[in-house]
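Reader: Please take a close look at the aromatic rings of this model and at the nonpolar surroundings in which they sit. I would like one connected account rather than a list.

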Amino acid sequence: MCGRFALFSPLKRLANRVGASTPENMLKPRYNVAPGTWIAAIHQPSEEAPPIVEEMWWGYRPKWAKGSGNQPINARVETVATNAYFRSAFAKHRCLIPADGWYEWIKNSKPKQPHFICRKDREPLFFAGIFSERDDGSLSCAIVTEPGRGSAAEVHDRMPLILDDDSLEHWLAPDITDRETIKQMVQHIDADLIEHWPVSTAVNKPAEGQGDELINPA
């Protein structure tokens, strides 16, 4: 799964990778992004329009659920295209969630031991996401996950679906709606690019003012 991540690279630079503009009020670094908060996401409103960065609520609930549906933070890549709760968003409302890395916890560790997982070269990541309009008109999203690969599997059996650079525009493209076409055009990054290390258990409790000390090796 992916239940916590960090985004501290300049968002404007990341958005430029896909030609998206960035609101000034979304430039603050965040080292402990938790579910149930507003996060930066990139989506393309139409074929004619360029991608944009918008705040989305991390906890997916489509408008038709009328405020009573679950708010999952993740959607499994194995079923996101066929699950009734997600399939419309997978076909028509895909987004990118930029990050510098994410946190996972070693199972059965006491206290729970978090690890920070990122690229070896420290380049930012683009998580595949899906989104939907909520009943109040705002947008909500979920991060797509896949089975753990490479060193990430040493920490957890699931990980975010991280797209390679050639897949970003295809994932955003609103005119690509066929499941098989999407699968053929979108690829994840090489697992050998990923590494991890243990970090402070302060990650376990998100709080205002947390900074880069969270990702220092413990």
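**Aromatic rings and the nonpolar cores**

Author: In this predicted model, one aromatic cluster is formed by Phe5, Trp58, Trp102 and Phe127. Three of these names, Phe5, Trp102 and Phe127, return among the residues with the most contacts inside the largest nonpolar core, a set of 59 residues in which Leu96, Ile97, Ile130 and Trp171 also belong to that group. The element that gives the most to this core is strand S9 (residues 125-133), which supplies 6 residues.

Trp171 deserves a closer description, for even when residues up to four places away in sequence are left out, its contacts include Phe90, Cys95, Leu96, Ala128, Val144, Leu163, Ile182 and Val186. Arg94 is also one of the residues touched by Trp171, and Arg94 lies over the face of that ring, 5.5 Å from the ring centre.

Separate from the largest core, there is a second one of 11 residues, whose members include Tyr31, Trp105, Phe116 and Val199. Over the ring of Trp105 sits the charged end of Lys112, at 5.5 Å from the ring's centre.

As for ring pairs, the model contains 12 aromatic pairs. One of them joins Tyr103 and Phe116 in a tilted arrangement, with 5.2 Å from centre to centre and 55° between the planes. This pair links distant parts of the chain, since Tyr103 belongs to strand S7 (residues 101-105) and Phe116 to strand S8 (residues 114-119), 13 residues apart. Both partners are shielded by the counting used here: Tyr103 is buried with a relative accessible area of 0%, and Phe116 counts as buried at 1%.

Note on methods. Residues are numbered from 1 along each chain as its sequence is written. This is a predicted model: local features need pLDDT of at least 70, side-chain atom pairs count only at pLDDT 80 or more; totals for chains, interfaces and linings use all residues. Side-chain values use heavy atoms; hydrogens and water are left out. Rings of Phe, Tyr and Trp (its six-membered ring) pair if their centres lie within 6.5 Å; planes under 30 degrees apart count as stacked, over 60 as edge-to-face and the rest as tilted. Helices (H or I, at least four residues) and strands (E, at least two) are DSSP runs, numbered from the N terminus. Buried means under 20% relative accessible area, exposed over 50%, partly exposed in between (1.4 Å probe, protein chains only). A charge sits over a ring if NZ of Lys or CZ of Arg is within 6 Å of the ring centre and within 35 degrees of the ring normal. A nonpolar core is a set of buried Ala, Val, Leu, Ile, Met, Phe, Trp, Tyr and Cys residues joined through side-chain atoms within 4.5 Å. Contact means heavy atoms within 4.5 Å.
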